[in-house]
Amino acid sequence: VDYCGVFIHPESEDIRHWTVPIETTIRNDSFEERHVRLVSKVCDYAGNTILEEVTERALPKREKQTIFQKGAAEDPKLWSIENPALYQLKTQIWEGETQIDEVITVFGFRKILFDTEKGFFLNGVPTKIKGMCIHEDHGGLGVALPDNIKEYRVRRLKEMGCNGYRFSHNPHSRQTLDACDRLGMLVMDENRWFESSQ
C-alpha cells in the first residue's frame, strides 16, 4: 500500500443507509509483474466485520495503481461529539496465500451540513461549534511533544466545553488528529499557503 494510499469516505442521504467508497493506491516496487488481491474489510471495535470488498489485480513492474471499491453499510453507529463511534478499515494485500501488507485506517460515519441560514448540522442535529484556535507547540516543550500531552490537551478542552479544534496554522500531527477522533472533537485542519496560486 502506498504511503497515505488509503482514502475512505462514507456517504449517505438518509443517515441509515450508507455507501462506502474506498480508494487504495498500491505500488509494485519489484522488477516483475505481480498478481495481487486487495482485501478491504471494515470492522467495528468489537472486531465484527460489517463489509468486505475484494479486488484482484495484475500490477505491472515499477508502477502504482489506484483501485476503487464500493461497499454498503446499514445503520452503523454514527460518530458524534458525545459518542465518537469509530471503525477500522483493514486494507490487506495478498499474493496467493501470503499476506504482504496491511494498513489500518480509523474512521467514523458522520454527516455534516453547513446551511447559510440555519448553521451547522452534525448527523442532522443543529450543533453550535464552540472551539479554540490551537498551535501544535506546547509551553515549555515546543513541538516535540509526547503523544500523551497532545491527548491531554484535547481532553482538557473537552472538559472546558469545547467541541471544535482549529489547527493553527498548518496541519498538526496524526496523533493530535487521532485524539480528536477518539474524544469527539470537530477539527478545522488549516493549511496556510502564502505563495501565489499562479
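Helices (H or I, at least four residues) and strands (E, at least two) are DSSP runs, numbered from the N terminus.

The model is predicted: local features need pLDDT of at least 70, side-chain atom pairs count only at pLDDT 80 or more, and totals for chains, interfaces and linings use all residues. Residues are numbered from 1 along each chain as its sequence is written, and side-chain values use heavy atoms, without hydrogens or water.

**Exercise 1. Describe how H1 and H2 pack.**

Step 1. Find the helices: H1 spans residues 147–159 and H2 spans residues 174–183.

Step 2. Compare their axes (lines fitted to C-alpha atoms over the stretch in contact, with angles from 0 to 180 degrees between N-to-C directions). The axes come within 9 Å and cross at roughly 40 degrees. H1 is therefore oblique to H2 (under 35 degrees is roughly parallel, over 145 roughly antiparallel, 65 to 115 roughly perpendicular, the rest oblique).

Step 3. List the contact (heavy atoms within 4.5 Å). H1 brings Asp147, Lys150, Glu151, Val154, Arg155 and Lys158. H2 brings Gln175, Thr176, Ala179, Cys180, Arg182 and Leu183.

Step 4. Sort by class (Ala, Val, Leu, Ile, Met, Phe, Trp, Tyr, Cys and Pro are nonpolar; Asp, Glu, Lys and Arg charged; the others, Gly among them, polar). The H1–H2 contact has 4 nonpolar, 2 polar and 6 charged residues.

**Exercise 2. Locate the largest cavity and name its lining.**

Step 1. Apply the rule: on a 1 Å grid over the protein atoms alone, a 1.4 Å probe fits in a cavity but cannot get out, while a pocket is an open set with protein on both sides within 12 Å along at least five of seven lines; lining residues have an atom within 4 Å of a point.

Step 2. Count: there is 1 cavity of 30 Å³ or more. The largest cavity has a volume of about 30 Å³.

Step 3. Read its lining: Glu136, Leu145, Ile149, Lys150, Arg153, Tyr165 and Thr176. H1 gives the most, with 3 residues. The lining divides into 3 nonpolar, 1 polar and 3 charged residues.

**Exercise 3. Describe the two largest pockets.**

Step 1. Take the largest pocket, of about 1400 Å³. It is lined by 41 residues, and Val106, Phe107, Leu177, Asp178 and Asp181 lie nearest its centre. Its lining has 27 nonpolar, 6 polar and 8 charged residues.

Step 2. Take the second largest pocket, with about 190 Å³ of space. It is lined by 13 residues, and Arg27, Asn28, Val36, Ile93 and Ile100 are the closest to its centre.

Step 3. Trace the second pocket's elements: strands E3 (17–27), E4 (34–44), E7 (87–95) and E8 each supply at least two lining residues. This lining has 6 nonpolar, 2 polar and 5 charged residues.

Technical notes: Points joined across faces, edges and corners; volume = space filled by probe spheres on them.
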